[in-house]
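Grab a pencil and have the viewer open. Let's work through a few exercises together, one step at a time.

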Amino acid sequence: MKALIVAQKESLDGLRDRRALLSALLFPLLGPFLIFFMLQQISKPVEEDGSLSLPVIGSEHAPLLIQYFETQGITLSKWEKEDPEGCVKRGEEEIILRIAPDFAQHFNASQPATLEIIQDGSRIASRKKYGILKAYLSGYNHYMSSMRLYARGIDPQIMDVVSIRDRDLATPQSKGANFFETIIMLAVMAAFLCNMYIAIDAAAGEREKKSLEPLLLNPITTQTLFLGKWMATILFGGIGVLLNLISTACLMNLVPLEKLGMRLQFGATEVILIFLLFLPLVILAGSMQLWLSSMARSFKEAQTYLSLVLFLPMLPGMIMMYYPMNPQLWMAPIPALGQQILASSVLRGEIVSPSFILISILGALVISGIFFVLGARSLKL
């Protein structure tokens with residue numbers, strides 16, 4: 001009961017603290033929104049594949065190419081202005097195609113004819129249209145090469161040295177899960193960030209304000225006092241992770257992932273399951289941050305310690321990103337890494353090993369217990 005009273009007091013103080021509220025509410029919502037807008041931009045080239053608008057210089061030199069573009073649904077316009085390079089560089093046009101005056105001469109002589117694509121690779125919109133135009137030109141090049149070989153009585157397949165058949169075992173769901181491992185990283189960060197200011201204010205903040213001594217003078221043990229503060233940090237961390245997962249699930253359902261060849265099953269069941277898998281990590285984050293905060297003598301000192309600690313949960317995911325390894329049982333008790341592997345398995349639709357789950361939970365709880373004991377001792381005057 002005494003621990004609940006302390007937890008209620010710390011939670012109310014956290015609700016009055018704007019920094020705590022912003023870290024608990026703004027970050028869990030900001031990350032998914034950024035990924036949502038990024039995916040919307042990535043999916044646009046696929047959606048606009050047949051609606052390319054292309055200014056052309058010297059269209060009269062290649063009537064067959066222009067006819068090919070028109071049959072593909074490309075909107076062509078004749079470029080009549082000066083300085084096309086300057087217009088692209090200033091952003092007035094995203095991409096311009098220039099056909100060399102000697103295009104027909106080289107084309108009729110079965111020689112490579114020159115086409116120049118004017119684009120600014122530093123602009124996202126220009127890179128999108130450049131990729132689409134290159135795909136169309138590659139198709140035209142392959143088609144005309146085949147026609148030339150047919151005209152000479154040669155089978156175009158003679159140019160194919162090997163016949164490649166792709167057999168991709170990845171499902172649209174596994175492709176989506178592989179891409180959205182960054183979202184899992186955001187959920188891990190939420191577990192450590194959303195309760196940071198609560199942990200700082202509950203220990204170092206009260207020590208700096210000289211309000212910790214009156215609490216310790218009450219008939220309450222340091223273990224009970226630490227438990228109450230710990231429960232408040234867990235509350236804010238859990239709310240942050242849950243908000244992150246809910247907002248991610250809602251926003252990802254608005255992205256046309258099927259146009260990117262991906263499918264992500266991220267509904268209420270997945271949100272609840274991943275949240276339960278992340279709950280031990282939230283408990284660990286709260287005990288570790290509260291212990292570090294209790295070791296500090298001022299608010300700024302604790303803020304420095306906990307800001308540096310935020311990089312720790314990112315390390316396992318970054319290591320796995322650059323040095324990919326198959327999930328193994330020894331990875332389960334490693335904080336953050338075990339939870340990332342479990343969440344990734346849920347998004348991929350794979351069967352999660354019960355032993356992996358159990359070891360992951362036990363590992364996080366054991367480490368949390370160690371930090372709890374250290375933190376309770378550090379509260380003693």
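Below are some exercises on this predicted model, each with a worked solution.

**Exercise 1. Getting your bearings**

Task: find how many helices and strands the protein chain has, and what share of its residues count as buried.

Solution. Start with the elements: the protein chain has 16 helices and four strands. Next, look at burial: the chain holds 381 residues, and 44% of them count as buried. Then turn to the outside, where the accessible surface comes to about 20,700 Å². Carbon and sulfur atoms account for 63% of that surface. Last, check how far along the chain the contacts reach. Take the contacts between residues at least 6 apart in sequence: 76% of these join residues at least 24 apart.

**Exercise 2. Putting the sheet together**

Task: work out in which order the four strands form the sheet, and which of them are the edge strands.

Solution. Step one is the order: the strands line up as β2-β1-β3-β4 in an open sheet with mixed pairing. Step two is the edges: β2 (75-78) and β4 (115-119) each pair on one side only, which makes them the edge strands. Going from one strand to the next, the twist averages 30 degrees.

Step three is to walk across the sheet, pair by pair:

- β1 (residues 53-57) runs parallel to β2, and four bridges join them. Here S53 stands opposite T75, and L54 stands opposite L76.
- β1 also runs parallel to β3, this time with two bridges. V56 has L97 of β3 as its bridge partner.
- β3 and β4 are antiparallel, with five bridges between them. I99 has L115 of β4 as its bridge partner.

**Exercise 3. What surrounds the middle of the sheet?**

Task: explain why β1 counts as largely enclosed by the rest of the structure, then do the same for β3.

Solution. Count the buried residues, using the cut-off of under 20% relative accessible area. In β1, four of the five residues are buried, so the strand is largely enclosed by the rest of the structure. β3 gives a matching tally: four of its five residues are buried, so β3 is largely enclosed too.

**Exercise 4. Following Q289**

Task: say where Q289 sits, whether buried or exposed, and which residues it is in contact with.

Solution. First, place the residue: Q289 belongs to helix α12 (residues 268-295). Second, check its accessibility: the relative accessible area of Q289 is 0%, so it is buried. Third, list what it touches. Once you set aside neighbours within four places in sequence, Q289 is in contact with F192, N195, M196, A199, L306 and L310. Finally, zoom in on F192: its backbone oxygen lies 2.5 Å from a polar atom of the Q289 side chain.

**Exercise 5. Sorting aromatic pairs**

Task: count the aromatic pairs, then describe how Y68 and F69 are arranged.

Solution. The count comes to eight aromatic pairs. In the pair of Y68 and F69, the rings are 6.1 Å apart centre to centre, with 50 degrees between the planes, and the pair is tilted. How about burial? Y68 has 17% relative accessibility, so it counts as buried. F69 is at 0%, so it is buried as well.

Now try W230 and F372, another tilted pair: 5.1 Å centre to centre and 45 degrees between the planes. This pair links distant parts of the chain, with W230 in helix α11 (residues 222-252) and F372 in helix α16 (residues 354-378), 142 residues apart. Both W230 and F372 are buried. To finish, look for the cluster that ring pairs make out of F33, F36 and F37.

**Exercise 6. Two positive phi values**

Task: find which loops hold D83 and S110, and give phi for each residue.

Solution. Begin with D83, in the loop between β2 and α4 (84-90). Its phi is near 55 degrees, a positive value in a residue other than glycine. With 41% relative accessibility, D83 counts as partly exposed.

Move on to S110, in the loop between α5 (103-108) and β4. Phi of S110 is near 60 degrees, again positive in a residue other than glycine. S110 has 33% relative accessibility, so it counts as partly exposed.

How values were computed
Residues numbered from 1 in each chain as written. Predicted model: local features only at pLDDT ≥ 70, side-chain atom pairs only at ≥ 80, totals over all residues. Heavy atoms only, no water. Buried < 20%, exposed > 50% of the residue type's maximum accessible area, 1.4 Å probe, protein only. Polar contact = N/O pair within 3.5 Å; in protein donor to acceptor, adjacent residues only side chain to side chain. Contact = heavy atoms within 4.5 Å. Areas by Shrake-Rupley, 256 points an atom, 1.4 Å probe, with all protein chains shown as cover. Pairing = 2+ DSSP bridges. Axes fitted to C-alpha atoms, helices over the stretch in contact; angles between N-to-C directions. Phe/Tyr/Trp six-rings, centres within 6.5 Å; stacked < 30°, edge-to-face > 60°.
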